[in-house]
Amino acid sequence: MRKYNNVLKKIMVCLFTVLCLVANTKIVANATEVDGNAMPIIEVQDYSIDGGMIEAGKQITVNLKLHNTSSVASAGSVMMTLSNSTGTLYPAYGNSNQIFVGSIGADDTKEVSVPMVIGNNFMGNAVDLTCQFDYVAMSNRLNNSATIVIPTSGGSTIGVKSIDVSAHAIVNGKSLLAFSYVNQSSSNITDAKLIVDGNVSSTSKEIKLDTVYAGKSYTNDYYVIFEEAGNQTINVSLQYTDADGSQVITDLGSFDVSVSKENALENDTEGLMRIIDIIGKAVALLFGLVAVGAVLLYVKKKVA
């Protein structure tokens, strides 16, 4: 009987030990899974550039799409610090290299736009931008960083070198829009067009570009007709279909234009022409009267 009890006790101890090992393994596995999925990591999921090609001294806007990789926990008080390894990319005047993003929910995204300037000493085919993230999650202070490399084309098939709109215009008159661009791909672009949003004529709202041939650069002048006087703001964007069949829309910026009702110089000229016309008619009338008087005087002498 004692031997039976001893054997039973040993079996119970063995079973208990096995259960503890299995339970501990499961707990550790679950803990590892929770830690791996719960702790947020802020990543740069995507980015885009407004302002066209990257060139020395140019201002661009970097649009960052930030993503919280955690499926269960939000990241709070997210602070993003921007830096560049070469000192050729820095925040535009009046802006800081630190941006308070706020909270990003679990598996959620948030978009942040940052105005930046390319240094005058920039040379090369690309510029790097490092984003350092500091945030709070699950009562822990966390941080991580991400680096993106922005090519000189800004990631676009058509690289915009420059765009300029005349600051002054006349109602219903042609105002100059100068556009310089390059096709950086190996495919021709046949449907490129400029979209002008503002108080402009219907023919000015969509300006179709000629075929943009692969590897070619262009500098063309176009015209915008304003329909209302006063301080007008127009927004210009470039639209086309790239080689992959995807529609590309690039924001080229906003432009302020002072539009007057009519040209003062033209008014002065018209007024002067009216005065000259009146004087001319008066002089002609005077000469006519003199001529008539002379004829009458001649006739009178003949009769006498």
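1. In which strand is the place of Asn68? Asn68 belongs to strand E2, which covers residues 59-68. The model under discussion is a predicted one, and the points below should be read accordingly.

2. Overall content. The protein chain contains 2 helices and 16 strands. It has 304 residues, of which 33% count as buried. Among contacts in the protein chain with a separation of 6 or more, 68% are made by residues 24 or more positions apart.

3. Outer surface. About 18,800 Å² of the protein chain is exposed. Carbon and sulfur atoms supply 56% of that area.

4. The setting of Asn68. Is this residue of strand E2 buried or exposed? Asn68 is buried, and its relative accessible area is 0%; the cut-off for a buried residue is under 20%, so Asn68 meets it. Once its neighbours within four places in sequence are left aside, Asn68 is in contact with residues from several parts of the numbering, including Pro40, Ile41 and Ile42. Ala73, Ser74 and Ala75 are also among its contacts, as are Ile104, Gly105, Ala106, Asp107 and Asp108.

5. A polar atom of Asn68. Which backbone atom lies 3.0 Å from a polar atom of the side chain of Asn68? The atom is the backbone nitrogen of Ser70. The buried state of Asn68 and this pairing with Ser70 may be examined together in the structure.

6. The salt bridge. How many salt bridges does a search of the whole structure find? The search finds 1 salt bridge. The side chains of Glu206 and Lys193 meet in a salt bridge, at 3.5 Å from N to O. Glu206 lies in strand E13 (residues 206-208) and Lys193 in strand E12 (residues 193-197), so the pair ties together parts that are 13 residues apart in sequence.

7. Exposure of the two partners. Glu206 is partly exposed, with a relative accessible area of 36%. Lys193 is likewise partly exposed, and its value is 23%. The cut-off for a buried residue is under 20%, so Lys193 does not count as buried.

8. The nonpolar patch. Ile275, Ile279, Val283 and Phe287 make a nonpolar surface patch of about 400 Å². Phe287, one of these residues, lies in helix H2, which covers residues 264-303. Phe287 is exposed, with a relative accessible area of 59%. Patches admit residues with over 30% relative accessible area, so Phe287 satisfies that condition.

Note on methods:
Residues are numbered from 1 along each chain as its sequence is written. This is a predicted model: local features need pLDDT of at least 70, side-chain atom pairs count only at pLDDT 80 or more; totals for chains, interfaces and linings use all residues. Side-chain values use heavy atoms; hydrogens and water are left out. Patches are made of residues with over 30% relative accessible area and no salt bridge: like charges are joined within 9 Å, nonpolar side chains (Val, Leu, Ile, Met, Phe, Trp, Tyr) within 5 Å. Accessible areas come from the Shrake-Rupley method with a 1.4 Å probe; for residues, only the protein chains shown count as cover. A salt bridge is a side-chain nitrogen of Lys or Arg within 4 Å of a carboxyl oxygen of Asp or Glu. Helices (H or I, at least four residues) and strands (E, at least two) are DSSP runs, numbered from the N terminus. Buried means under 20% relative accessible area, exposed over 50%, partly exposed in between (1.4 Å probe, protein chains only). Contact means heavy atoms within 4.5 Å. A polar contact is a pair of N or O atoms within 3.5 Å; within protein, one must be able to donate a hydrogen and the other to accept it, and residues adjacent in sequence count only if both atoms are side-chain atoms.
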